[in-house]
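Trainee: Got a minute to go through a structure with me? I'd like to get a feel for the fold before I set anything up.

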Amino acid sequence: MEKKLTTPEFLLGKRTTSERITELQPNEIFVFGSNLKGMHGGGAAYIAYRKFGAIMGQGVGLQGQSYGIPTMQGGVETIRPYVDEFIQFAKGHPELTFLVTRIGCGIAGFTDDEISPLFEKAHDMENIVLPPGW
């Protein structure tokens, strides 16, 4: 599938997440790809566990200054309900800013083109910051 060329986010004044998030402001939440068992042993999940309060054994939802979205349980369509749940959660918490990592595009093995459409409803939300190109 050929990706269409669009105006870069920075020219539109749209904030994007960086490739490496190493610190958070008090109102920021690190959004990472998880597994249903909450075994945060690698990738962004390990960073969430070590730095941002992710709880070993909890695979979904808010955990400290992090939010887990399961990506390891099957195909892209098994991820969609968790992304939708996350977007609803973010709508209910406008005081927080959610920094979404490239969930599912590391250890889970999906591509940006497979995962980014799941976040289409987040594009107009001020408090959700997506990776470049999403």
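Mentor: Sure, let's go through the fold, the sheet, the core and a couple of single residues.

Mentor: Keep in mind that this is a predicted model.

Trainee: Okay, how many helices and strands does the protein have?

Mentor: There are three helices and five strands. Along the sequence they come in the pattern β-α-β-β-α-β-α-β.

Trainee: And in what order do the strands sit in the sheet?

Mentor: The order is S2-S3-S1-S4-S5, in an open sheet with mixed pairing. S2 (61–63) and S5 are the edge strands with a single partner each, so one side of each has no neighbour in the sheet.

Trainee: What about S1 and S4, in which sense do they pair?

Mentor: Parallel, over four bridges. If you want a spot to look at, Glu28 is opposite Thr97 in S4.

Trainee: Switching to the core. Which residues touch the most other members of the largest nonpolar one?

Mentor: Ile69, Phe86, Ile115, Phe119 and Ile128, out of 24 residues in that core. At least two core residues come from each of S1 (28–34), S3 (66–70), H2 (80–91) and S4 (97–100). H2 gives the largest share, with four residues.

Trainee: Is there any general background to that sort of grouping?

Mentor: Nonpolar side chains tend to be buried together in soluble globular proteins.

Trainee: Back to Ile69, then. What is Ile69 in contact with, leaving aside neighbours within four places in sequence?

Mentor: Its contacts include Val31, Phe32, Gly33 and Ser34, as well as Gly59. Ile79, Tyr82, Val83 and Phe86 are also on the list, along with Ile103 and Phe119. Apart from the core Ile69 belongs to, there's a second, separate core of 10 residues, and Ile21, Ala45, Ala48 and Ala54 are among them.

Trainee: Let's stay with H2 for a bit. How far does H2 reach from its first C-alpha to its last?

Mentor: H2 reaches 17 Å with its 12 residues, close to the 16 Å expected at 1.5 Å a residue.

Trainee: Which residues of H2 are buried?

Mentor: Val83, Phe86, Ile87 and Ala90. Looking down the axis of H2, these buried residues fall within an arc of 100 degrees, so they line one face of the helix.

Trainee: And what covers them?

Mentor: The cover includes S1, S3, S4 and S5 (128–129).

Trainee: I noticed a proline, Pro81. Where is Pro81 found?

Mentor: Pro81 is in helix H2. Its relative accessible area is 49%, so Pro81 counts as partly exposed, given that exposed means over 50%. From Pro81 to Ile69 is 12 residues in sequence and 9.5 Å in space, C-alpha to C-alpha.

Trainee: Different spot: where does His123 sit?

Mentor: His123 is in the loop between helix H3 (112–115) and S5. Its relative accessibility is 34%, so His123 is partly exposed too. His123 and Trp134 are 11 residues apart in sequence, with their C-alpha atoms 8.5 Å apart in space.

Trainee: Last one, some overall numbers. What share of the protein counts as buried?

Mentor: Of its 134 residues, 40%. The protein exposes about 7600 Å², with carbon and sulfur atoms supplying 54% of that.

Trainee: And the contacts, what share joins residues at least 24 apart?

Mentor: That's 63%, taken among contacts between residues at least 6 apart in sequence.

Terms used
Residues are numbered from 1 along each chain as its sequence is written. This is a predicted model: local features need pLDDT of at least 70, side-chain atom pairs count only at pLDDT 80 or more; totals for chains, interfaces and linings use all residues. Side-chain values use heavy atoms; hydrogens and water are left out. A nonpolar core is a set of buried Ala, Val, Leu, Ile, Met, Phe, Trp, Tyr and Cys residues joined through side-chain atoms within 4.5 Å. Buried means under 20% relative accessible area, exposed over 50%, partly exposed in between (1.4 Å probe, protein chains only). Contact means heavy atoms within 4.5 Å. Accessible areas come from the Shrake-Rupley method with a 1.4 Å probe; for residues, only the protein chains shown count as cover. The expected span of a helix is 1.5 Å times one less than its number of residues. The arc is that of the directions from the helix axis to the C-beta atoms. Two strands pair if DSSP finds at least two bridges between them.
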